[in-house]
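Visitor: I'm new to this structure and would like a close look at one part of it. Could you walk me slowly through the salt bridges and the strands that carry them?

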Amino acid sequence: MKNRYLQSFEDTQIKAQPPRFKAGDTLRLGIRIQEGDKMRTQNFEGVCISLRGSGVGKTFCVRKVGANGVGVERIFPLYSASLASIEVLRVGRVRRAKLYYLRHRKGKAARIKEVRKLEKGKEVGV
């Protein structure tokens, strides 16, 4: 239970609600990078392997496999000013909240099943 003053302060800090996602979803993040006096946006695309924290201190970890099969993980604050955009590309069907086991898997073993929506509104993992 948080102090009501801390809670009201956190509510003022949170301006826009980011899209809802969970562990197992494939995300494309637009990250603002400053080079000299220029700002540019670089995309980082990978699987969300964990969400932790609450309020303005909420963070999430995204993992992608880079060049030569090297895994790259980055931890982002959810309400960071350096995040230009968060886009959910695929919704994964997983049974865990933390997907740290993906660190030890390679190739097809590291795949996550995707949730596909049917016409009646049901979700089925394929």
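Guide: Here is a tour that starts with the whole protein, moves to the sheet, and then settles on the charged side chains.

One thing to keep in mind is that this is a predicted model. The protein has 1 helix and 7 strands, and if you read along the sequence the pattern goes α-β-β-β-β-β-β-β. Its C-alpha atoms fill a box of roughly 45 × 45 × 30 Å, taken along the principal axes. Of the 126 residues in the protein, 25% are buried. The exposed surface comes to about 9400 Å², with carbon and sulfur atoms supplying 50% of it. If you take contacts between residues at least 6 apart in sequence, 48% of them join residues at least 24 apart.

Now for the sheet. It is an open one, built from 5 strands in the order S4-S3-S2-S1-S5, with antiparallel pairing. S4 and S5 are the edge strands, and each pairs on one side only. From one strand to the next, the twist averages 40°.

Let's go through some of the pairs. Strand S1 covers residues 26–35 and strand S2 covers residues 38–52; they run antiparallel and are joined by 10 bridges. Together S1 and S2 make a hairpin with 2 residues between the strands, and Gly36 there takes a positive phi near 70°. On to the next pair: S2 and S3 are antiparallel too, over 5 bridges. They also form a hairpin, this one with 6 residues between the strands, and Gly53 in the turn has a positive phi of about 90°. As for S1 and S5, they pair in the antiparallel sense over 6 bridges. Here you can find Gly30 standing opposite Ser85 in S5.

With the strands in place, let's turn to the salt bridges. Side chains of opposite charge can pair when their charged atoms come close. In this model the count comes to 8 salt bridges.

An easy one to begin with is Arg40 and Glu35, whose side chains meet in a salt bridge at 2.9 Å, N to O. How covered are these two residues? Arg40 has 36% relative accessibility, so it counts as partly exposed. Glu35 is partly exposed as well, with a relative accessible area of 45%.

Next comes a small group: Arg28, Glu45 and Glu87 are linked in a network of salt bridges. Two of these names turn up in the strand pairing as well, since Glu45 in S2 is the bridge partner of Arg28. So Arg28 and Glu45 belong both to the network of salt bridges and to the ladder between the two strands.

Now look at Glu73, which has more than one charged partner to visit. Glu73 forms a salt bridge with Arg63, and the closest N and O atoms are 3.1 Å apart. That pair links distant parts of the chain: Glu73 sits in strand S4 (residues 71–77) and Arg63 in strand S3 (residues 59–65), 10 residues apart. Glu73 also meets Arg103 in a salt bridge between their side chains, at 2.8 Å, N to O. Because Glu73 lies in strand S4 and Arg103 in the loop between strand S5 (83–90) and strand S6 (115–117), this pair ties together parts that are 30 residues apart in sequence.

Which of these residues are buried and which are partly exposed? Glu73 counts as partly exposed at 28% relative accessibility, and Arg103 is partly exposed at 39%. Arg63, on the other hand, is buried, because its relative accessible area of 15% falls under the 20% cut-off.

Let's finish by staying with Arg63 a little longer. It lies in strand S3, and in the pairing of strands it is the bridge partner of Val47. The side chain of Arg63 makes a polar contact with the side chain of Glu73, at 3.1 Å. Leaving out residues up to four places away in sequence, Arg63 touches Gly46, Val47, Ile49, Gly71, Val72, Glu73, Leu102 and Arg103. So when you find Arg63 in the picture, you are looking at a buried residue whose contacts include Val47, its bridge partner, along with Glu73 and Arg103, the two residues that meet each other in a salt bridge.

Methods
Residues are numbered from 1 along each chain as its sequence is written. This is a predicted model: local features need pLDDT of at least 70, side-chain atom pairs count only at pLDDT 80 or more; totals for chains, interfaces and linings use all residues. Side-chain values use heavy atoms; hydrogens and water are left out. A salt bridge is a side-chain nitrogen of Lys or Arg within 4 Å of a carboxyl oxygen of Asp or Glu. Buried means under 20% relative accessible area, exposed over 50%, partly exposed in between (1.4 Å probe, protein chains only). Helices (H or I, at least four residues) and strands (E, at least two) are DSSP runs, numbered from the N terminus. Axes are lines fitted to C-alpha atoms, for helices over the stretch in contact, and angles run from 0 to 180 degrees between N-to-C directions. A polar contact is a pair of N or O atoms within 3.5 Å; within protein, one must be able to donate a hydrogen and the other to accept it, and residues adjacent in sequence count only if both atoms are side-chain atoms. Contact means heavy atoms within 4.5 Å. Accessible areas come from the Shrake-Rupley method with a 1.4 Å probe; for residues, only the protein chains shown count as cover.
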